[in-house]
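Biologist: Could you take me through one part of this structure closely, starting at a metal site and working outward? I am new to this, so please explain each term as you go.

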Amino acid sequence: NGMEWNYLKNGKDWEDLCSSGKHQSPILLDSRTARKWVLPGITFWHYYRLLKRPFYIRNNGHSISLDIPVTSNGRKPFITGGRLKGRYYADGLHFHWGSYKSRGSEHLINKRRFDAEIHIVHRNEKYRNIAQAVRQKDGLAVVAIMVAIVRKDNAKSTPLSRLMEAVVRVPIEDSNATVFGQSSLDQLIGGVSHRDFFTYEGSLTTPLCDETVTWIVFTETTTVTMSSVSKFWLLRDHWGHRLINNYRIVQDLNNRTVFYKKR
Ligand code: B30
Ligand code: ZN
């Protein structure tokens, strides 16, 4: 699919692909130095409604991704508020992770890297599809949720654990699988929406690293067991190598303000 980049150097060798600028992602997030945000929180519309269809997951050679279906009453979940103008529709979701010996979140919160990071990619209602939106300055809002591994001997199955364990069925690039069982988007991320978050202006964390993303990073983590996360460490990338540590190294903040909203 024309992909000519990988994660062997965590993006340090993407200079020719990510020519651009001074507003790159991910970054270090620090609750002490961030500007305290007193304006509106984010509102999550239809995040609590059951989604209509099971998830259809895909190994795209650099992550596991899925399209977000409409809800059982035919609505597309969306977010408003924070520093966003208008609606941003939830379009897709994907993961970044580490390996059996390393953590793999993209953003760091108070110097801490988490085990994995979920991205829910939202598109400005002004644009017809993601391909259009990625090129517009106000095109995307990505909600990031940190994932922490917890030790549990008799863990209950959750929508997230069922989704994560299903990746054994998409071992190589371009494979697809259906994950049966329904949930809401909020259930999928473990009910951590509408809590404390950081927000700042940044970029896609993969080439071409377009600076078109309003980032919304929750501080509350969602938890999964080692047994669920470890399924990701067996996946293969575009080159047939292990798809591990698919996170980009942190970028300079430069002239940007990071806002922090405490509920
Ligand atoms: S992220 O949330 O900053 N990691 C895209 C969206 C969000 C992020 C990164 C990339 C995106 O939409 N990229 C362009 C489309 N992709 C399609 C895809 O399936 O994901 C094409 C591509 O890169 O070449 Cu991979
Ligand atoms: Zn991502």
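**A close look at the zinc site**

Modeller: Happily! The site of the zinc ion (ligand 2) is tetrahedral, with angles of 97 to 118° among its 4 donor atoms; four donors get that label if all angles lie between 85 and 135 degrees. This is a predicted model, in which local features need pLDDT of at least 70 and side-chain atom pairs pLDDT 80 or more, while totals for chains, interfaces and linings use all residues. Residues are numbered from 1 along each chain as written, chains are lettered from A and ligands numbered from 1 in written order, and side-chain values use heavy atoms, without hydrogens or water.

The protein donors of this zinc ion are H94 (NE2), H96 (NE2) and H119 (ND1), lying 2.0 Å from it. Donors are N, O and S atoms within 2.8 Å of the metal (3.2 Å for Na, K and Ca); water is not among the atoms, so sites may look incomplete. Along the sequence, the donor residues follow the spacing H-x1-H-x22-H. Both H94 and H96 are buried, meaning under 20% relative accessible area, while exposed means over 50% and partly exposed lies in between (1.4 Å probe, protein chains only).

Now to the surroundings. The largest nonpolar core has 46 residues, and I57, I79, F95 and I120 touch the most other members. Strand β7 (residues 88–97) gives this core its largest share, 5 residues. Such a core is a set of buried Ala, Val, Leu, Ile, Met, Phe, Trp, Tyr and Cys residues joined through side-chain atoms within 4.5 Å, and strands are DSSP runs of E, at least two residues long, numbered from the N terminus. Leaving out residues up to four places away in sequence, I120 touches, among others, Y47, I68, A90, L93 and V143, where contact means heavy atoms within 4.5 Å.

Strand β7 also takes part in a salt bridge: R123 pairs with D91, their closest N and O atoms being 2.8 Å apart. This pair links distant parts of the chain, with R123 in strand β10 (residues 116–124) and D91 in strand β7, 32 residues apart. A salt bridge is a side-chain nitrogen of Lys or Arg within 4 Å of a carboxyl oxygen of Asp or Glu. R123 counts as buried at 12% relative accessibility, and D91 does at 17%. By contrast, D30 and R32 also meet in a salt bridge (3.1 Å, N to O), but R32 is exposed, with a relative accessible area of 65%.

Notes
Four donors count as tetrahedral if all angles lie between 85 and 135 degrees; four count as square planar and six as octahedral if opposite donors are over 155 degrees apart and all others between 65 and 115; anything else is irregular. Helices (H or I, at least four residues) and strands (E, at least two) are DSSP runs, numbered from the N terminus.
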